[in-house]
Amino acid sequence: MGSQGGFGQSKEFLDLVKSIGEARSKSEEDRIILGEIETLKRRIVEPDIPKRKMKEYIIRLVYVEMLGHDASFGYIHAVKMTHDDSLLLKRTGYLAVTLFLNEDHDLIILIVNTIQKDLKSDNYLVVCAALNAVCRLINEETIPAVLPQVVELLGHAKEAVRKKAIMALHRFYQKSPASVLHLISNFRKTLCDKDPGVMGATLCPLFDLVTIDVNSYKDLVISFISILKQVAERRLPKSYDYHQMPAPFIQIKLLKILALLGSGDKQASEHMYTVLGDIFKKCDTLSNIGNAVLYECICCVSCIYPNTKLLEPAAEAISKFLKSDSHNLKYMGIDALGRLIKISPDIAEQHQLAVIDCLEDPDDTLKRKTFELLYKMTKSSNVEVIVDRMIDYMISINDNHYKTEIASRCVELAEQFAPSNHWFIQTMNKVFEHAGDLVNIKVAHNLMRLIAEGFGEDDDAADSQLRSSAVESYLRIIAEPKLPSVFLQVICWVLGEYGTADGKHSASYITGKLCDVAEAYSNDETVKAYAITAFMKLYAYEIAAGRKVDILPECQSLIEELSVSHSTDLQQRAYELQALIGLDVRAVESVMPSDASCEDIEIDKSLTFLSHYVQESLEKGAQPYIPESERTGMLNISSFRNEDHHEVSMHGLRFEAYELPKPVVPSKSPVSYTPSTELIPVPEPSYFREVHTSTAVPSISSSGSTELKLRLDGVQKKWGRPSYSSGSTSTLESSSQKTVNGVVQAESVSTSTSRAQATSSFDLKKPQVEISPEKQKLAASLFGGPSKTDKRPTSSSHKVVKSSSHTTEKPSVAKAADTASEKSTPVQPPPDLLDLGEPTVTSSAPLIDPFKQLEGLLDQGENVSATNHGVVNANKAPDIMSLYAEIAASGQSGGAVNPVPTSGDDMLSGLSGISNRTVSPGGAAGSSPLSKGPNLKDALEKDALVRQMGVTPTSQNPNFGQQRYIGDTCVDIPSNISEAKPRTL
């Protein structure tokens, strides 16, 4: 490496490489590297180091970094070397920084400018070195800095530069798809590049794009097929051959893309049949790369629309894989067979002996892959053999992760294809016994429900026999040590429910067994809880049958021990057992009915059994219950909790789409608050509440909600939903597909004959092995029997599902209110006079109104009444010029109500929903002799409305530039509001 370009290697460097290679242990290697680190730290900071020496030091740093030691002290020197004008030094520097740094390193900012300059270099080798660094070092934030230069390089004269530019864009897409979405068309163009290397590099980003959106690239099916056909026909240069296979990696990538494009598409798949058949014929099976192409071709056939003519050569290729001595090819054959049986299940029967050989192979990886194949080909005729094989394999392994997977598959197959409930119970017992607590608790619940519900028919004798067999099997298993906790729970429940049902075993015998379990697993509170509940059931059945309860001494000591347990659950169960033993027969039958585990529990939601107690309490003077919806004048703790919960939910992240803002009409209503003496008094507010309602509600009653809010009229809303809706981008989907009018030619007789001779010669090379009768019997049990497509229902479906009396009540009041508010007719905003196009309905957030800034000064202590004038005439066109009509200064009384507005006034009242009147300084409504001139607030609001609508008045509003008396203060109001200066009388 260092000898290139006339630069020789020093003896010291050669000795370092030699000593590292001759190191006999990791400690000796670390000692050599630590010595080298100290030497480099001392020499790399020396002044005036020759470039040849610095290059050698950087290479030695690469050795240090690759062997797992820290060489960060020399990173900056590698960065400096990328700035060198020498090609050899620059490439060495780029090589070092790509190995030293990652995309988030702090030194990346020092390389971006160098990369930008090198991407514009005239030397294509420098450009290639920079593109290599781009793929490794550029992160999402720095992509925009180099993206334009990389796009320009797609048209470079050198094919190596174009290829690396495609690779850089693919890397950009992987890091930040949004940054290169506008460049997707460039990938389509480079697919037609004259250089096969550039075309092959383009297949990688196109594969990622097709994986995400298949329909957008259906039009490229013909192009991909044409490229694959040219490659298969060896039209590419010989330099692209690998082990005599024409461009095998391009073929593999094209087959993967075609598998995605042809999935479920019959028309697209029909174009692929011919070229896939040619690949099956021409593919070389003597090399690994040829087998790889053949395997990918089988995968493509299994994904596209099925074709029987292609299934035959695929089955022949699988047969060659399975008959090979290589474990890798056998593994590949098992995987390919698992893909094809989804299309044609009969193919597996042709290779049954080969599958059994793989099942008995000592290679654990091959054995696991074979079990996956058996799992896919399971049916009701072979489920017993396959599940037994899986359980035997599960017992022999120690890997808990794979043991959990095998157990879950056994449970799934047993639930779907179980030939009988008895076999299902026995299989579940084996799974629980050997898989332990790795089994999901839901499996235990399904097993208990199956035993309780029986066969799902009216055959009580069969159900009793099923339960008796379960009890007998559990009595045998319960004596085994170290049983899983989940399995013990099932055993305790079954023995408690059906231990004495058939009369073969007494209650004392069953309780003694359960007592032994509770003592053996004293640290497991769940098992003890199940055991004490089983005691309760057994004793209850004895009392209900009229027999005397005989409690064993060890059971009595266990009950006393649990009654003082630290667990409140165990305490409660023990006390309930003691109380149950003292009840009479009738009470016990009511509390613990026999075989009632599947009965629905009826719940009296209205609590009618308390009606007598409530009536007696009312007669004694108790206060009647007041529903929460009818309570007024009080605030309870739940309301605060609900508000806190609502506030927390409002501050959380929201991922749903933005809704269009609903137009609102601000209105003001006088709300009178009365102090309450109950619980928490609500104080009287000294300000008015701003109420926003839709136009469907004309007014708000003064006895409405008592919620307090700030006055926000005229204040722009900064946070919340935006006042615009983003336009939806439409994705262009090109679906143009060409139809090829042609017929697939059948294979010639000579080709078929030659292929048959090749197959026969291949088979003759294999030695004839005698098949043992046991293996033939196993193959008949695995693959024989008719194929049944109908699956056995799950454990919850092949039992009787008893109707439940529970009903679900869903609140609909809130939804109805929301629906009503959403369907309310929105107020049309004022039209834009400058918009000459089609009328569109838009909504925007309220802007700050500078003319309403005096509203607090003008309206102190006034009462505002809501009006619905704007609702009545909301659809009328506003008369803009009437807003500037002359208003006679006739000394209107402050208490006089404004006359009914027309057109423009009507629009103003519709938007504001209020009418104003002036209140005297004393606070009483009425005429005020101190108020002179026209109503200033109306003029302010009208002028503000016109300015919001985008119309600039050409003349001054006659209502401005006058004097207004407010109390004892006279205010000069000029045209510019900011110049207003109060003066005292």
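Glu56 is buried, with a relative accessible area of 6%. The exercises below start from this residue and use a predicted model.

**Exercise 1. Find the salt-bridge partner of Glu56 and describe the surroundings of the pair.**

Solution.
Step 1. Glu56 meets the side chain of Arg60 in a salt bridge, at 3.2 Å from N to O. Side chains of opposite charge can pair when their charged atoms come close.
Step 2. Helix H3 (residues 51-66) holds both Glu56 and Arg60, which are four residues apart, about one turn of the helix. An α-helix has 3.6 residues a turn, so residues three or four places apart point the same way.
Step 3. Buried means under 20% relative accessible area. Glu56, at 6%, is therefore buried, and Arg60, at 0%, is buried too.
Step 4. The pair belongs to a network of salt bridges that links Glu12, Glu36, Arg43, Glu56 and Arg60. The structure holds 25 salt bridges.

**Exercise 2. Describe the salt bridge between Lys11 and Asp15, and state whether each residue is buried, partly exposed or exposed.**

Solution.
Step 1. The closest N and O atoms of Lys11 and Asp15 are 3.0 Å apart. A salt bridge needs a nitrogen of Lys or Arg within 4 Å of a carboxyl oxygen of Asp or Glu, so the pair counts as one.
Step 2. Both residues lie in helix H1 (residues 11-22), four residues apart, about one turn of the helix.
Step 3. Exposed means over 50% relative accessible area. Lys11 has 62% and is therefore exposed. Asp15 has 36% and is partly exposed.

**Exercise 3. Repeat the analysis for Glu233 and Arg235.**

Solution.
Step 1. Glu233 and Arg235 form a salt bridge, their closest N and O atoms being 2.8 Å apart.
Step 2. Glu233 has a relative accessibility of 30%, so Glu233 counts as partly exposed.
Step 3. Arg235 has a relative accessible area of 57%, so Arg235 is exposed.

**Exercise 4. Locate Ala247 and Leu607, give the phi of each, and state how accessible each one is.**

Solution.
Step 1. Most residues other than glycine have a negative phi, and most peptide bonds are trans.
Step 2. Ala247 has a positive phi of about 40° although it is not a glycine. The residue sits in the loop between strand S2 (245-246) and helix H13 (248-261).
Step 3. The relative accessible area of Ala247 is 4%, so Ala247 is buried.
Step 4. Leu607 also departs from glycine in identity, yet its phi is positive, near 55°. Leu607 is placed in the loop between H30 and H31.
Step 5. The relative accessible area of Leu607 is 42%, so Leu607 is partly exposed.

**Exercise 5. Which residues form the nonpolar surface patch that includes Leu607, and where is Leu610?**

Solution.
Step 1. The patch consists of Leu607, Phe609, Leu610, Tyr613, Val614 and Leu618, with about 590 Å² of accessible area together.
Step 2. Leu610 lies in the loop between helix H30 (585-591) and helix H31 (611-619).
Step 3. Patch residues need over 30% relative accessible area. Leu610 has 34% and is partly exposed.

**Exercise 6. Compare the span of helix H25 with the expected value, and state how many of its residues are buried.**

Solution.
Step 1. Helix H25 (residues 485-498) has 14 residues.
Step 2. From its first C-alpha to its last, H25 reaches 20 Å, close to the 20 Å expected at 1.5 Å a residue.
Step 3. H25 is mostly covered, with 14 of its 14 residues buried.

**Exercise 7. Describe the setting of Gly333 and of Asp208, including contacts beyond four places in sequence.**

Solution.
Step 1. Gly333 is in helix H17 (residues 327-340). Its relative accessibility is 0%, so Gly333 counts as buried.
Step 2. Apart from residues up to four places away in sequence, Gly333 touches Ile318, Phe321 and Leu322.
Step 3. Gly333 and Ala354 are 21 residues apart along the chain, and their C-alpha atoms are separated by 9.9 Å.
Step 4. Asp208 is in helix H11 (residues 196-212). Its relative accessibility is 24%, so Asp208 counts as partly exposed.
Step 5. With neighbours within four places left aside, Asp208 is in contact with His170, Tyr173 and Gln174.
Step 6. Asp208 and Gln174 are 34 residues apart along the chain, with 8.9 Å between their C-alpha atoms.

Note on methods
Residues are numbered from 1 along each chain as its sequence is written. This is a predicted model: local features need pLDDT of at least 70, side-chain atom pairs count only at pLDDT 80 or more; totals for chains, interfaces and linings use all residues. Side-chain values use heavy atoms; hydrogens and water are left out. Patches are made of residues with over 30% relative accessible area and no salt bridge: like charges are joined within 9 Å, nonpolar side chains (Val, Leu, Ile, Met, Phe, Trp, Tyr) within 5 Å. Accessible areas come from the Shrake-Rupley method with a 1.4 Å probe; for residues, only the protein chains shown count as cover. Helices (H or I, at least four residues) and strands (E, at least two) are DSSP runs, numbered from the N terminus. Buried means under 20% relative accessible area, exposed over 50%, partly exposed in between (1.4 Å probe, protein chains only). The expected span of a helix is 1.5 Å times one less than its number of residues. Contact means heavy atoms within 4.5 Å.
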